Amino acid sequence: MPMALPAQQVHLPLQSAPGGVVVGGGFVAPPPPVVMSAPPMVPDASTFLSSSVPPIPAPAPQPVAVVQAAAPPRTFALFGVEVADGAVLSQQYGEPNPIPAVRVINVTGPSSAAGLQPGDLISSIDGKQVASLTDFNAIVSSVPPRSEVKVVFERDGQLLGTDVQTEETTRAPMASIAPLGRAP
């Protein structure tokens, strides 16, 4: 009976031969060819339609969100002054009747830089009479932001004027102070 020798002790010459390899004088058949199978075919929709397997329903169309660009916020002129209703100038300055005005309660920003002070009585802005909070808000709302306006006011019995360089804000002007002599 032949004995198997360990692999490291075998040193046989190899020769090529058609259809195989000759090892030490003996013919060794080539290894069997590798047969590769094709990947399975993916059935198309017609296979489903002709078979007993029901087709998978298509997903329902999803609503499309329409995104509209937001309009830029409206801007207003910022005066930086709070006023109260119900004041009149101390003098008539040649007018037949007392001149109505609004009293400055608080001053910040542009109006403060222009020299307005609490207690001043504003009688006109850019030549338009300011007789009430309604007038004040209407005039201020019509002034473009970053513009210069002429403010006529009375302080300590003297009629004065100043130019206010407005700033820009997205907050609409509104009457925030109740008329003088009335609770807010």
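In this predicted model, Glu148 touches Asp126, Asp163, Val164 and Gln165, leaving aside residues up to four places away in sequence. Glu148 belongs to strand β9, which spans residues 148-155. Its partner Val164 is 16 residues away along the chain, yet the two C-alpha atoms are separated by 5.5 Å. Glu148 has a relative accessible area of 51%. The cut-off for exposed is over 50%, so Glu148 counts as exposed.

Ser124 presents the opposite case. This residue lies in strand β7, residues 121-125. Its relative accessibility is 13%. Buried means under 20%, and Ser124 is therefore classed as buried. Beyond residues up to four places away in sequence, Ser124 touches Gln129, Val130, Lys150, Val151 and Val152.

Gln129, a contact of Ser124, also takes part in a pocket lining. The second largest pocket has a volume of about 190 Å³. Its lining comprises 14 residues. Leu89, Glu95, Ile99, Ser123 and Gln129 lie nearest the pocket centre. By class, 8 lining residues are nonpolar, 5 are polar and 1 is charged.

Helix α3 covers residues 133-142. Its buried residues are Leu133, Phe136, Asn137, Ile139 and Val140. These residues sit on the same side of α3, because they cover an arc of only 165 degrees around the axis. The buried residues of α3 pack against five strands: β4 (76-78), β5 (81-88), β6 (100-107), β7 and β8 (128-129). Strand β7, which holds Ser124, is thus one of the packing partners of α3.

Conventions. Residues are numbered from 1 along each chain as its sequence is written. This is a predicted model: local features need pLDDT of at least 70, side-chain atom pairs count only at pLDDT 80 or more; totals for chains, interfaces and linings use all residues. Side-chain values use heavy atoms; hydrogens and water are left out. Helices (H or I, at least four residues) and strands (E, at least two) are DSSP runs, numbered from the N terminus. Buried means under 20% relative accessible area, exposed over 50%, partly exposed in between (1.4 Å probe, protein chains only). Contact means heavy atoms within 4.5 Å. On a 1 Å grid over the protein atoms alone, a cavity is a set of points where a 1.4 Å probe fits but cannot get out, and a pocket is an open set with protein on both sides within 12 Å along at least five of seven lines; lining residues have an atom within 4 Å of a point. Grid points are joined across faces, edges and corners, and a volume is the space filled by probe spheres set on the points. Ala, Val, Leu, Ile, Met, Phe, Trp, Tyr, Cys and Pro count as nonpolar, Asp, Glu, Lys and Arg as charged, and the others, Gly among them, as polar. The arc is that of the directions from the helix axis to the C-beta atoms.
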